[in-house]
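The following exercises ask the reader to work through a protein model step by step. Each task is followed by a worked solution.

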Amino acid sequence: MMVTKRLGRRQFHFTVQGANFHEVVAEYDRLSFPDVPKCGLCGSDNLDLTARVAQDKFKYTSLKCLDCRGDVTFGKRADDDKTVFLRKTEDGKLDWRAWEKEPATK
């Protein structure tokens, strides 16, 4: 099954598979995040997916605004690390974070 998610002006196509219909739908459900039309900080639709590794062990995947560099990070369920979602604030809105310049090291 092909799943399309619209993130800003881009469309991302994901393929999910399973041995039977139930497993295919279960795999589809693991992509439990909505389409995101624009950045929650600046309103731009210039969004992209990014991935990084911090401290050689922590893996992060984010939806990033290419204009203001703000991002919202994907989370994983504790009981199922294959199910992903976009993090939200306590009031249910996407948890967009403004880009912060890292301090210079000497």
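A residue is termed buried when its relative accessible area is under 20%, exposed when it is over 50%, and partly exposed in between. The structure shown is a predicted model, and the solutions below apply these cut-offs to it.

**Exercise 1. The sheet and its edges**

Determine the strand order of the open sheet of four strands, and explain why strand 3 and strand 6 each have one side without a neighbour.

Solution.
Step 1. The order is 3-4-5-6, and the pairing is antiparallel.
Step 2. Strand 3 (47-54) and strand 6 (80-86) occupy the edges with a single partner strand each, so one side of each has no neighbour in the sheet.
Step 3. Ignoring direction, neighbouring strands of this sheet are turned by 30 degrees against each other on average.
Step 4. In general, the strands of a sheet pair through backbone hydrogen bonds, in a parallel or an antiparallel manner.

**Exercise 2. Pairing within the sheet**

State how many bridges join strand 3 to strand 4, strand 4 to strand 5, and strand 5 to strand 6.

Solution.
Step 1. Strand 3 and strand 4 (residues 58-65) run antiparallel and are joined by eight bridges; Thr50 stands opposite Ser62 of strand 4.
Step 2. Strand 4 and strand 5 pair over three bridges, again in the antiparallel sense. Here Ser62 has Thr73 of strand 5 as its bridge partner.
Step 3. The hairpin of strand 4 and strand 5 has five residues between the strands, and in this hairpin Arg69 takes a positive phi near 70 degrees.
Step 4. Strand 5 and strand 6 run antiparallel with four bridges, one pair being Phe74 and Leu86 of strand 6. These two strands form a hairpin with two residues between them.
Step 5. Is strand 5 largely enclosed or open? Five of its seven residues are buried, so strand 5 is largely enclosed by the rest of the structure.

**Exercise 3. The hairpin of strand 1 and strand 2**

Describe the pairing and the two faces of strand 1.

Solution.
Step 1. Strand 1 (residues 2-7) and strand 2 (residues 10-15) run antiparallel and are joined by six bridges.
Step 2. Met2 has Thr15 in strand 2 as its bridge partner.
Step 3. Two residues lie between the strands of this hairpin, where Gly8 takes a positive phi near 65 degrees.
Step 4. Val3, Lys5 and Leu7 make up the covered face of strand 1, while Met2, Thr4 and Arg6 make up the uncovered one.

**Exercise 4. Two cysteines**

Decide how many disulfides the structure holds.

Solution.
Step 1. A disulfide requires two cysteine sulfur atoms within 2.5 Å.
Step 2. For Cys39, the nearest cysteine sulfur is that of Cys68, 3.7 Å away, and Cys39 is in no disulfide.
Step 3. Cys68 is likewise in no disulfide, and the structure holds zero disulfides.
Step 4. Cys39 is buried at 3% relative accessible area, whereas Cys68 is partly exposed at 30%.

**Exercise 5. Salt bridges**

Find how many salt bridges the structure contains, and explain which parts the pair of Arg9 and Asp45 ties together.

Solution.
Step 1. The whole structure contains five salt bridges.
Step 2. The side chains of Arg9 and Asp45 meet at 3.0 Å, N to O. Arg9 lies in the loop between strand 1 and strand 2, and Asp45 in the loop between helix 1 (21-29) and strand 3, so the pair ties together parts 36 residues apart in sequence.
Step 3. Arg9 is partly exposed at 49%, and Asp45 is partly exposed at 32%.
Step 4. Asp79 and Arg77 form a salt bridge with their closest N and O atoms 2.8 Å apart; Asp79 is exposed at 61%, and Arg77 is partly exposed at 39%.
Step 5. Arg97 forms a salt bridge with Asp95, also at 2.8 Å between the closest N and O atoms, and Asp95 is buried at 15%.
Step 6. Glu27, Arg30 and Asp80 are joined into one network by salt bridges that share partners.

**Exercise 6. The largest pocket**

Give the volume of the largest pocket and identify the elements that contribute two or more residues to its lining.

Solution.
Step 1. The volume is about 530 Å³.
Step 2. The largest pocket is lined by 17 residues, of which Arg52, Ser62, Asp71, Thr73 and Arg97 are the closest to its centre.
Step 3. Strand 3, strand 4 and strand 5 (71-77) each give two or more residues to the lining.

Conventions. Residues are numbered from 1 along each chain as its sequence is written. This is a predicted model: local features need pLDDT of at least 70, side-chain atom pairs count only at pLDDT 80 or more; totals for chains, interfaces and linings use all residues. Side-chain values use heavy atoms; hydrogens and water are left out. Buried means under 20% relative accessible area, exposed over 50%, partly exposed in between (1.4 Å probe, protein chains only). Two strands pair if DSSP finds at least two bridges between them. Axes are lines fitted to C-alpha atoms, for helices over the stretch in contact, and angles run from 0 to 180 degrees between N-to-C directions. A salt bridge is a side-chain nitrogen of Lys or Arg within 4 Å of a carboxyl oxygen of Asp or Glu. On a 1 Å grid over the protein atoms alone, a cavity is a set of points where a 1.4 Å probe fits but cannot get out, and a pocket is an open set with protein on both sides within 12 Å along at least five of seven lines; lining residues have an atom within 4 Å of a point. Grid points are joined across faces, edges and corners, and a volume is the space filled by probe spheres set on the points.
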